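Student: Could you take me through one part of this structure slowly? I would love a close look at the aromatic rings and the residues around them.

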Amino acid sequence: AATKKRLSWSKPAWSFTDTIIVLGLTVALPVLFIVVLVLLGHWGILPRSVSRFLVSESMTANAVRYLIALGIEFALLCQVLHHYHLTWPAFGWKQPPLWRSIFTIVGAYLLFGLLVLIVFTAVAVLFPVVNLNEAQSGVLEFGRSGIGLWLSFIASVVIAPIIEETQFRGFVLPAFSEAFGATAGIILSALV
């Protein structure tokens, strides 16, 4: 007789209200912080170049604004841990087995390479008019595109997934699941 495994989380130390407050602050504080920096530059307390940089649409400015937002998001999560005398495992972080992690990463890269090979072969067979050897123009080149691209890459590909998974899966999901049940908690946290 197979048993049905239920989705469950241990009751979080933080409340649903705490979660809503942190989510609101995650949105509001970066905006407020940037506005204050821009105003300080406008009033001459900070160099005007800071103000102009923060409102520019350059890739570097976008990356810096995103890093500020991620830093504030991380600080809010640290504040919750500190307030409730918790450690990172409260948000689902656990020490993974080293060799299993290495094999998983290597296996994922090998699987990805195999899938790319299969897709390229399928495209070459099904659509022979497609030139798979054609050089791509407009593709971002990390070695030649400057600090803005590197900052964007680090913020978007390295830092953001870690912080946002911690916040949504480790912080928001347990609180929403406690308040509304597992299924509704999953749906609501995904919507947020």
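Tutor: Let's start with the overall radius of gyration: the protein chain has 22 Å, whereas a compact globule of 192 residues would have a value near 16 Å. Please keep in mind that this is a predicted model. Along the principal axes, the C-alpha atoms of the protein chain fill a box of roughly 70 × 60 × 30 Å. The protein chain has six helices and zero strands, so from the N terminus on you can read its elements as α-α-α-α-α-α. Of the 192 residues in the protein chain, 23% are buried. The exposed area comes to about 13600 Å², and carbon and sulfur atoms supply 70% of it. If you look at contacts in the protein chain with a separation of 6 or more, 63% of them are between residues 24 or more positions apart.

Now to the rings you asked about. A pair of aromatic rings is described by the distance of the centres and the angle of the planes. The structure holds ten aromatic pairs. Take F16 and F176: their ring centres are 5.2 Å apart and their planes meet at 50 degrees, so this pair is tilted. F16 sits in helix α1 (residues 16-42) and F176 in helix α5 (residues 147-180), so to speak 160 residues apart, and the pair links distant parts of the chain. How exposed or buried is each partner, F16 and F176? F16 counts as partly exposed because its relative accessibility is 31%, while F176 counts as buried because its value is 4%; the cut-off for buried is under 20%.

A second pair is formed by W99 and F103, which is also tilted, with 6.2 Å from centre to centre and 35 degrees between the planes. These two are four residues apart in helix α4 (residues 98-126), so about one helical turn separates them. Both W99 and F103 are exposed.

Beyond pairs, there is a cluster to find: W14, F74, W88, F91 and F171 form one aromatic cluster. Two other residues help you place its members. One is T19, found in helix α1. T19 counts as buried because its relative accessibility is 0%. Not counting residues up to four places away in sequence, T19 touches W14, F171, V172, A175 and F176. That list includes W14 and F171, which belong to the cluster, and also F176, the partner of F16 in the tilted pair.

The other residue is G92, in the loop between α3 (59-83) and α4. With a relative accessibility of 47%, G92 counts as partly exposed. G92 and F171 are 79 residues apart along the chain, yet their C-alpha atoms are separated by 8.6 Å. F171 is thus a handy landmark for you: F171 is one of the cluster members and is also among the residues that T19 touches.

While you are looking at the loop between α3 and α4, you will find H85 there as well. H85 is not a glycine, although it has a positive phi of about 55 degrees. With a relative accessible area of 73%, H85 is exposed, because the cut-off for exposed is over 50%.

Technical notes
Residues numbered from 1 in each chain as written. Predicted model: local features only at pLDDT ≥ 70, side-chain atom pairs only at ≥ 80, totals over all residues. Heavy atoms only, no water. Rg over C-alpha atoms; globule rule 2.2 N^0.38 Å. Buried < 20%, exposed > 50% of the residue type's maximum accessible area, 1.4 Å probe, protein only. Contact = heavy atoms within 4.5 Å. Areas by Shrake-Rupley, 256 points an atom, 1.4 Å probe, with all protein chains shown as cover. Phe/Tyr/Trp six-rings, centres within 6.5 Å; stacked < 30°, edge-to-face > 60°.
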